[in-house]
Amino acid sequence: MNKIGLYIHIPFCKSKCPYCDFYSLRKGKKDYESYVSSVKRSLKMWAERTEKKADTLYLGGGTPSLLGGELISEIVLAAKESFGCNGEITVECNPSCIETDFFKRVVDAGVNRVSLGMQSAVDSERKKLGRLADVKAVERAINRAFLSGIENVSVDLMIGIPDQNEKTLAQSLEFCAQSGVKHISAYMLKVEEGTFFHENPHKFNFPDEDLTADLYLQMVNFLETEGYSQYEISNFAQQEYESRHNLKYWNCEEYLGIGPAAHSFLNGKRFYYPRDIQFFENGEEPVSDGDGGDLQEYIMLKLRLKDGLIFEECKKRFSDFSETEYIQKAEPMLKAGFMKLDDKSLAITTRGFLISNSIIEKIVY
Ligand code: SF4
């Protein structure tokens, strides 16, 4: 039986960043402890109910590192007991809240990958993003993770930060390459409703579409030259360091999400816990989100990957799949250089990734 990916949401942050619409709350130690108990209960319940094992575990947030090494280790050990979790185990960390012995403690529990919310290595940009620590703290966190034996370190990088330009992006990129991290997740800033950026757009000088596109291409060129291959629209990795957990999402494989705002895809069904910590802590049932994993959805997800839609793989999963229809739809994008085709696969090119949403829509609908 294929193993699933296990995601656990930690819905706490020290403060709210001006661009963030993730579900996160400002709470204290007592709340952390009671939340961890609820997570452990939920893990047990789901393990009995699904009888599945996991080979990846991802603790995301929010700010998991805010809980401290002891509570994070408790969760990891409980997840291992219930689901095995014998593969990649990632914890997201915010450089502004990592206690000194955090990495040592979580390594003992089995953590072998760290994802650091850096966003930028330029302090003036970090301030605009509400990041509480300076770039020196990011550097310290990376080095501490390495020293604790975690070689698989990823950092988040952001494109489209107010006042960002080619020079400041180059600084962030150089920092990534020199720090020795193995993986970079690079996101375009989207001004989401309900965030401080959305409510105060006039206060910030956001790069326009053309500059954002230039920044994106600059980033891809730099990272590819430095040995970070773009294996997904927003993700770059040195060889063998692709995120196994996140690949499960794009390969349309099964995963279970525990905690408020966490989504799941199990046995062909999608469901999620609402953005409400009380709902989760009360042990309520998650909300159904219908069936998942049909051909349309599969193609949409696979086209996010550099390898794209691999015809043989697709035929194994959907016996009546024929590539002809999709190759025909892709014709104009192939001519324009936004897609590429060979006898095994159809994929979006680097330039095409800039407009991936509209390409995927044209292929799938
Ligand atoms: S630390 Fe991360 S999850 Fe928390 S508010 Fe900032 S961006 Fe959002």
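I will start with one contact: Gln296, Ile299 and Met300 in helix α11 meet Ile360, Ile363 and Val364 in helix α15. Sorted by class, this contact of α11 with α15 has five nonpolar residues, one polar residue and no charged residues. Please keep in mind that what you see above is a predicted model.

How do we describe such a pair? Two packed helices are described by the angle between their axes and the distance between the axes. Here α11 covers residues 295-302 and α15 covers residues 356-364. Their axes come within 10 Å and cross at roughly 150 degrees. Angles over 145 degrees count as roughly antiparallel, and therefore α11 and α15 are roughly antiparallel to each other. The crossing of α11 past α15 is right-handed.

Now a second pair, for contrast. Helix α2, residues 68-83, packs with helix α3, residues 102-109. At what angle do α2 and α3 pack? The angle is about 15 degrees, and the axes are 9 Å apart. Because angles under 35 degrees count as roughly parallel, α2 is roughly parallel to α3. The crossing of α2 and α3 is right-handed.

Which residues make this contact? From α2 they are Gly68, Gly69, Glu70, Ile72, Ser73, Val76 and Leu77. From α3 they are Phe102, Arg105, Val106, Asp108 and Ala109. By class, the contact of α2 with α3 has six nonpolar, three polar and three charged residues. So much for helix pairs.

Next, the domains. The domain assignment of the protein gives domain 1, residues 4-249, and domain 2, residues 295-365. Taken over C-alpha atoms, the centres of domain 1 and domain 2 are 29 Å apart. How many residues does each domain put into the contact? Domain 1 gives eight residues and domain 2 gives eight residues. On the side of domain 1 that touches domain 2, the elements giving two or more residues are α8 (209-225) and β7 (229-232). That side of domain 1 has six nonpolar residues, one polar residue and one charged residue.

Last, the ligand. What surrounds the ligand? Three cysteines are there, Cys13, Cys17 and Cys20, along with Lys16, Phe22 and Ser24. Further along the chain come Gly61, Gly62, Thr63, Asn94 and Gly117. The residues of this shell divide into four nonpolar, six polar and one charged.

To go back to the start: α11 and α15 are roughly antiparallel, whereas α2 is roughly parallel to α3. That is where I will stop.

Definitions and conventions
Residues numbered from 1 in each chain as written. Predicted model: local features only at pLDDT ≥ 70, side-chain atom pairs only at ≥ 80, totals over all residues. Domains from an automatic or database assignment. Contact = placed C-beta atoms within 7 Å. Helix = DSSP H or I, 4+ residues; strand = E, 2+ residues; numbered from the N terminus. Nonpolar A, V, L, I, M, F, W, Y, C, P; charged D, E, K, R; others polar. Axes fitted to C-alpha atoms, helices over the stretch in contact; angles between N-to-C directions. Parallel < 35°, antiparallel > 145°, perpendicular 65-115°, else oblique. Left-handed = near helix turned anticlockwise from the far one by under 90°. Near = placed C-beta within 6 Å.
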